[in-house]
Amino acid sequence: MNKKILITGAGGYIGSVATYLFLEQGYEVVALDNLSTGYKSPIVELQKRFGKDKLKFYQADLLEDLKAILEEEKDIQAVIHYAASCSVNESMENPEKYFKNNVVGSNNLLTTMLEAGIKKVVFSSTCAVYGEAKYTPVDELHPKDPTNPYGQSKKIVEEILSWYGSLSGMQFVALRYFNVCGASDDGLIGDSKRPSSLLVQNVVRGALGIEPFYLTCADVETPDKTPIRDYINVVDLNLAHIKAVEYLLNGGENQVLNLGTGEGNSVLEVVNMVEELTGYTFKLDKAPARQGEYAKMVANITKAQETLNWKPERTIKDSVESLLKWYKEHPNGWE
Ligand SMILES: NC(=O)c1ccc[n+]([C@@H]2O[C@H](COP(=O)([O-])OP(=O)(O)OC[C@H]3O[C@@H](n4cnc5c(N)ncnc54)[C@H](O)[C@@H]3O)[C@@H](O)[C@H]2O)c1
């Protein structure tokens, strides 16, 4: 039987790369997006390559009545739920939007799934549920103490999932991403966030002259005084989602797993890597420092590796190379 999945947020950065990879693996994909921060263009591009019978698109909102879509699309075996509002800064300015879109929207999706008898879901969570790292590498048992409504909204959805898991038979894998970077390996599908808060993308855009890049990090206690983060390649990240779907289809137990590389890079290391690969030299004028920056956040990924039989394979260099391909063809991202 064909494996058929629903991907929410399929027009967004991570969801569009996921759609590409699931199609490559032979899945039939039903894509859903309200195009609030995403684009139809990657879907159209992938429909050209794989056919509209393999990739169907619904422009729809998580907050709408989704029953008709789930009824129309029979035999969906699992949902991969990427759709969300995901800017930390915006969530501090407009918390209502985050609790409505991310919490109420997710709850609407999950309850409609249960009504339709679809019980398997892979959920995009975030390391923002932990707040500032009390120790590194951060494992899944680290205290959860979000410092912004975005992280809080994801923590609440994880808790809803856990209750639906124990009371309603929902089967889920919640994946807590660290910092996502890169494009598909061939540069076909990438990141169109405007503006973006994703460092690797912004450094590459700076080097290519698309948009100036400024150092906005405060001095912190790391060897080169710039923050260390765990940058996971978007293809490696999404390959873990494919493994998570297979894990659920094989009857795996509910899980919450970190997705990162287990290693960190400082901001200056990322800048140096981009300089090395492009020959560009940054002046690195300091812009006003972002508030609340912490020194180091790196994932412990042992649980994901063991549960999913997965390991990240792409280096930060691979991510920069895929971004160079993507931005050279799409300097303005998707239109
Ligand atoms: N980018 C990262 O580094 C990162 C890190 C941790 C977690 N995440 C999570 O990964 C997921 C995808 O993030 P992204 O970086 O691709 O963001 P994105 O903004 O590019 O993609 C989100 C997509 O969801 C869609 N969407 C938003 N609200 C919707 C709604 N109510 N109904 C239908 N569609 C809606 C948007 O139009 C967009 O296409 C999010 O859940 C995010 O919280 C991302």
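Buried, on this tour, means under 20% relative accessible area. Keep that cut-off at hand as you click through this predicted model.

**Stop 1: Ala 60**

Select Ala 60 to begin. With a relative accessibility of 4%, Ala 60 falls under the 20% limit and therefore counts as buried. You will find Ala 60 in a loop, with strand 3 (55-59) on one side and helix 3 (67-72) on the other. Now show its contacts: setting aside neighbours within four places in sequence, Ala 60 meets Leu 32, Asp 33, Asn 34 and Ile 69. For a distance check, draw a line between the C-alpha atoms of Ala 60 and Ala 31; they are 9.6 Å apart, with these positions 29 residues apart along the chain.

**Stop 2: the ligand**

Asp 33 leads on to the ligand, since Asp 33 is listed among the closest residues there, together with Tyr 82, Asn 101, Tyr 150 and Lys 154. Select the whole shell and you will have 29 residues highlighted. Colour them by class: 14 are nonpolar, eleven polar and four charged.

Next, turn on polar distances. Which side chain has an N or O atom 2.6 Å from an oxygen atom of the ligand? That is Tyr 150. Lys 154 also reaches a ligand oxygen with a side-chain N or O atom, at 2.7 Å. For a backbone partner, go to Leu 62, where a polar backbone atom sits 2.9 Å from a nitrogen atom of the ligand.

How much of the ligand's accessible area does the protein cover? On its own the ligand has 820 Å², and the protein covers 96% of that. The elements giving two or more residues to the shell are helix 1 (13-24), strand 5 (120-126) and helix 6 (149-168). Strand 5 gives the most, with three residues.

**Stop 3: the nonpolar cores**

Hide the ligand and select Ile 5 and Phe 22. Within the largest nonpolar core, which has 77 residues, these two touch the most other members. Helix 8 (residues 234-249) is the element that gives the most to this core, at nine residues. Zoom in on Ile 5: beyond four places in sequence, its contacts include Phe 22, Tyr 27, Val 30, Ile 80 and Val 245. A second core, of 27 residues, lies apart from the largest one; select Leu 66, Leu 109, Val 121 and Leu 161 to see some of its members.

**Stop 4: Gln 201**

Move to helix 7, where Gln 201 lies. Is Gln 201 buried or exposed? Its relative accessible area is 0%, so Gln 201 is buried. Show side chains here to see a polar contact between Gln 201 and Asp 191, at 3.1 Å. Others touching Gln 201, outside its four-place sequence neighbourhood, include Tyr 13, Val 180, Cys 181, Leu 323 and Tyr 327.

**Stop 5: Lys 225**

Finish at Lys 225, in the loop that runs between helix 7 (199-207) and strand 8 (228-229). Lys 225 counts as partly exposed because its relative accessibility is 47%. Leaving out residues up to four places away in sequence, Lys 225 touches Ala 218, Asp 219 and Val 220. One last distance to draw runs from the C-alpha atom of Lys 225 to that of Leu 268: the gap is 8.8 Å, while the two residues are 43 residues apart along the chain.

Notes. Residues numbered from 1 in each chain as written. Predicted model: local features only at pLDDT ≥ 70, side-chain atom pairs only at ≥ 80, totals over all residues. Heavy atoms only, no water. Near = heavy atom within 4 Å. Polar contact = N/O pair within 3.5 Å; in protein donor to acceptor, adjacent residues only side chain to side chain. Areas by Shrake-Rupley, 256 points an atom, 1.4 Å probe, with all protein chains shown as cover. Helix = DSSP H or I, 4+ residues; strand = E, 2+ residues; numbered from the N terminus. Nonpolar A, V, L, I, M, F, W, Y, C, P; charged D, E, K, R; others polar. Core = buried A, V, L, I, M, F, W, Y, C linked by side-chain atoms within 4.5 Å. Buried < 20%, exposed > 50% of the residue type's maximum accessible area, 1.4 Å probe, protein only. Contact = heavy atoms within 4.5 Å.
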